[in-house]
Amino acid sequence: TMFPASPDLLEEPRGRYQGSETVVAKPRNTDEVARIVRLCGAHRIGIVPYGGGTGLVGGQVMSEGPAALILSLERMNAIREVRSEDNVLICEAGAILSDVQTAASEADRLFPLTLASQDSCRIGGNLATNAGGVQVLRYGNARDLCLGVEAVMPDGSVLHGLSGLRKDNTGYDLRHLLIGSEGTLGIITAAALKLFPKPRAYATVFAAVESPAQAIRLLGHLQDHMDGAVSAFELMHRQGMDFLAEKLPQVRLPFADMPAWSVLCEATGGTNSDVPNRMMAALESAADAGLIEDAVLAQSAAQRDEFWAVRENIPEANRRIGSVSSHDISVPIPSIPEFIPEGIKAIAGIGDFRINCFGHLGDGNLHYNVFPPAGHDRSEYVDLRTRIKQTLHDLVHSY
């Protein structure tokens with residue numbers, strides 16, 4: 001069925017890219033996707049595969065060239081199968097991430113991909129962008145959580161790859177070309193996903209650290225003492241806390257006076273893992289070694305939620321402040337302590353800006369976002385956005 005494209009399908013969340021008026025197709029199954037691809041191929045019509053539309057780099061909007069058909073996977077949202085015995089979940093590409101998480105939980109399993117957009121992003125988009133999130137440290141990116149895909153190729157043929165086998169050495173694995181290809185090599189229509197045992201115990205800690213270098217040493221210390229149980233390790237700068245206090249004062253901060261740098265770390269384990277006590281012992285030895293300045297260990301599920309609310313609301317506070325240019329970057333972990341001040345120096349050479357640096361320290365992925373000075377609006381600096389972005393990306397490349 002074809003529909004006129006609604007305004008929300010022609011604009012990405014930040015409003016920086018605008019698509020031209022077109023139509024959207026909403027197929028109900030893989031066969032319909034294949035028929036659409038064959039028809040568009042025969043008539044030389046471009047296709048933009050569309051998932052949840054939550055991407056922040058404009059990949060869901062074609063802002064230049066002739067209008068293309070938008071192919072939305074929203075109707076293909078079924079959870080086809082959940083197999084607890086071999087920890088496999090098979091779902092269609094339009095399944096919303098949080099619905100996949102819920103289906104796994106109802107089967108007493110965990111699907112660990114965790115993103116701020118999880119209530120609206122869809123599995124096809126997660127795979128097409130090789131999404132990461134806060135649990136990459138332990139479980140890996142979307143690529144590492146996928147056992148196989150079903151996809152429609154450019155000629156309209158269908159790749160059937162949903163066996164869910166852990167070991168399959170029968171030749172080329174096209175799954176790994178399609179994952180991360182952002183819809184350029186084919187349209188993912190379904191996926192076989194890895195499930196894991198559901199955690200029974202949590203240890204969630206907010207710690208004040210002297211610097212990113214000290215945070216990296218703390219991460220190594222906790223990994224050594226927690227036997228691989230550390231699942232998340234988030235670095236946050238005071239600037240993000242100031243933005244939260246200004247724009248989202250209802251978010252409770254863990255310290256009365258937030259430090260320049262802090263980390264949010266979580267470890268999980270099974271019923272008899274004794275994770276909280278092991279974390280407490282690890283924190284005590286970290287304090288003795290001078291790796292932390294202060295720390296609070298969550299004493300309840302409610303306090304754990306409060307800790308995570310701090311990290312999860314930083315992007316919303318950023319949005320309300322309004323960034324001049326945002327960057328989702330990765331550098332080798334040992335280079336992070338050098339890279340962060342180098343970035344500050346490089347941006348200072350362009351103008352007077354505020355920088356909010358935060359992100360997944362355990363895998364080297366940082367959000368390095370540039371904001372106008374207090375009392376100014378990002379619209380005043382539009383002409384500098386490209387220069388800022390190129391300066392930071394060139395610096396990342398040098399590392």
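**View 1. Asn87 sits in the loop between β5 (79–83) and β6 (88–92).** Helices here are DSSP runs of H or I with at least four residues, strands are runs of E with at least two, and both are numbered from the N terminus. This is a predicted model, in which local features need pLDDT of at least 70 and side-chain atom pairs count only at pLDDT 80 or more, while totals for chains, interfaces and linings use all residues. Residues are numbered from 1 along each chain as its sequence is written, and side-chain values use heavy atoms, with hydrogens and water left out. Asn87 is not a glycine, yet its phi is positive, at about 55°. Most residues other than glycine have a negative phi. Asp227 is a non-glycine residue with a positive phi too, near 50°. Look for Asp227 in the loop between α6 (212–226) and β13. Its relative accessibility is 65%, so Asp227 counts as exposed (over 50% relative accessible area; buried is under 20% and partly exposed in between, with a 1.4 Å probe and protein chains only).

**View 2. Strand β17 (residues 354–360) has bridges to β13 and to β18 (residues 365–371).** Strands count as paired if DSSP finds at least two bridges between them. β13 and β17 run antiparallel and are joined by three bridges; one to pick out links Leu235 to Gly359 of β17. On the β18 side there are seven bridges, again with antiparallel strands, and here Ile355 has Val370 of β18 as its bridge partner. The hairpin of β17 and β18 has four residues between the strands, and Gly364 in this hairpin shows a positive phi near 80°. Is β17 mostly covered or mostly open? Mostly covered: seven of its seven residues are buried.

**View 3. Phe206 and Phe255 belong to one of the seven aromatic pairs that a search of the whole structure finds.** Rings of Phe, Tyr and Trp (its six-membered ring) pair if their centres lie within 6.5 Å, and planes under 30 degrees apart count as stacked, over 60 as edge-to-face and the rest as tilted. Phe206 and Phe255 meet edge-to-face, at 6.4 Å centre to centre with 90° between the planes. Phe206 comes from strand β12 (residues 201–209) and Phe255 from the loop between α7 (238–247) and β14 (261–269), so this pair ties together parts that lie 49 residues apart in sequence. Both of these rings belong to buried residues. Add Phe307 to the view, and you have a cluster of three residues linked by ring pairs.

**View 4. Phe339 and Tyr399 form an edge-to-face pair.** Their centres are 5.6 Å apart and the planes meet at 90°. Because Phe339 lies in helix α10 (residues 336–348) and Tyr399 in the segment after α11 (385–398), the pair ties together parts that are 60 residues apart in sequence. Phe339 is buried, at 0% relative accessible area, whereas Tyr399 is partly exposed, at 25%.

**View 5. The second largest pocket is lined by 22 residues, Tyr202 and Arg304 among them.** On a 1 Å grid over the protein atoms alone, a pocket is an open set of points with protein on both sides within 12 Å along at least five of seven lines, a cavity is a set where a 1.4 Å probe fits but cannot get out, and lining residues have an atom within 4 Å of a point. Grid points are joined across faces, edges and corners, and a volume is the space filled by probe spheres set on the points. For this pocket the volume is about 500 Å³. Nearest its centre lie Leu110, Thr114, Gln135, Tyr202 and Arg304. Helix α9 (301–321) is among the elements that supply at least two lining residues, and α9 gives the most, with four. The lining has nine nonpolar, seven polar and six charged residues (Ala, Val, Leu, Ile, Met, Phe, Trp, Tyr, Cys and Pro count as nonpolar, Asp, Glu, Lys and Arg as charged, and the others, Gly among them, as polar). Arg304 also lies over the face of Tyr202, at 4.1 Å from the ring centre; such a charge has NZ of Lys or CZ of Arg within 6 Å of the ring centre and within 35 degrees of the ring normal.

**View 6. The largest cavity holds about 80 Å³ of space.** In total, three cavities reach 30 Å³ or more. Which residues lie nearest the centre of the largest cavity? They are Ser20, Thr22, Met62, Ala68 and Ile70, out of a lining of 13 residues. That lining has nine nonpolar, four polar and no charged residues.
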